[in-house]
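Me: I'd like to learn how to read a new structure. Could you take me through one, feature by feature?

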Amino acid sequence: MDDKKLTNDKTVKLSVEDMNNVAGGTGDYSSYYINPDTCISCGACPNACPTEAIVEGRDSYIITEDCVGCGQCADECPTDSIHRR
Ligand code: SF4
Ligand code: SF4
């Protein structure tokens, strides 16, 4: 895994409470995961994520600790690859 791809370089960070209000999320870090066996790396989920929590990994996109559990990525995935833990 390329650690650089996991680096979050955002300069402004909102608190979990703020993001719950913005995204309607649960505040449960990394509460969603991507199944690398079915992800086709279409790029729809990072575009849907309000916290930029989804990054490109070696074999598929992956969800990082910035996830607040809003579920918007799962709604957009065409291959039903994103699920709650
Ligand atoms: S869109 Fe997905 S990865 Fe982003 S915060 Fe919501 S549940 Fe987490
Ligand atoms: S939307 Fe689904 S198939 Fe597309 S990159 Fe995200 S997890 Fe993979």
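Reply: Sure. Helices here are DSSP runs of at least four residues (H or I) and strands are runs of at least two (E), both numbered from the N terminus. Keep in mind that this is a predicted model.

Me: So how many helices and strands are there in the chain, and which pattern does the chain follow along the sequence?

Reply: You'll find 3 helices and 4 strands. Going along the sequence, they come as α-β-α-β-β-α-β.

Me: What share of the chain's residues is buried?

Reply: Of its 85 residues, 24% are buried. As for contacts, take those between residues at least 6 apart in sequence: 70% of them join residues at least 24 apart.

Me: And how do I think about a core?

Reply: The general idea is that nonpolar side chains tend to be buried together in soluble globular proteins. In this chain, the largest nonpolar core has 14 residues, and C45, I54, I63, C73 and I82 touch the most other members. Two elements, β1 (32-34) and β3 (61-63), give two or more residues to this core.

Me: Now the ligands. Which residues come nearest to ligand 1?

Reply: C49, C67, C70, Q72 and C73 do, out of 16 residues around ligand 1. By class, that shell has 11 nonpolar and 5 polar residues, with no charged ones.

Me: Which come nearest to ligand 2?

Reply: There, C39, C42, A44, C45 and C77 come nearest, among 15 residues around ligand 2. The shell of ligand 2 breaks down into 9 nonpolar, 5 polar and 1 charged.

Me: What should I look for in the backbone angles?

Reply: Phi is a good start: most residues other than glycine have a negative value. E52 isn't a glycine, yet its phi is positive, about 55°. D80, also not a glycine, has a positive phi near 55°.

Me: Where does E52 sit, and is E52 buried or exposed?

Reply: Look in the loop between α2 (44-48) and β2 (54-56) for E52. The cut-off for exposed is 12 or fewer other C-beta atoms within 10 Å. E52 counts as exposed because it has 12 C-beta neighbours inside 10 Å.

Me: And where is the place of D80?

Reply: D80 lies in the loop between α3 (72-76) and β4 (82-84). D80 has 9 other C-beta atoms within 10 Å, so it is exposed. Try finding T38 too: T38 and D80 are 42 residues apart along the chain, while their C-alpha atoms are separated by 7.9 Å.

Notes
Residues are numbered from 1 along each chain as its sequence is written. Chains are lettered from A and ligands numbered from 1 in the order in which they are written. This is a predicted model: local features need pLDDT of at least 70, side-chain atom pairs count only at pLDDT 80 or more; totals for chains, interfaces and linings use all residues. A residue is near a molecule or strand if its C-beta atom, placed from the backbone, lies within 6 Å of it. Ala, Val, Leu, Ile, Met, Phe, Trp, Tyr, Cys and Pro count as nonpolar, Asp, Glu, Lys and Arg as charged, and the others, Gly among them, as polar. A residue is buried if 20 or more other C-beta atoms lie within 10 Å of its own, exposed if 12 or fewer, and partly exposed in between; C-beta atoms are placed from the backbone. Two residues are in contact if their C-beta atoms, placed from the backbone, lie within 7 Å. A nonpolar core is a set of buried Ala, Val, Leu, Ile, Met, Phe, Trp, Tyr and Cys residues joined through C-beta atoms within 7 Å.
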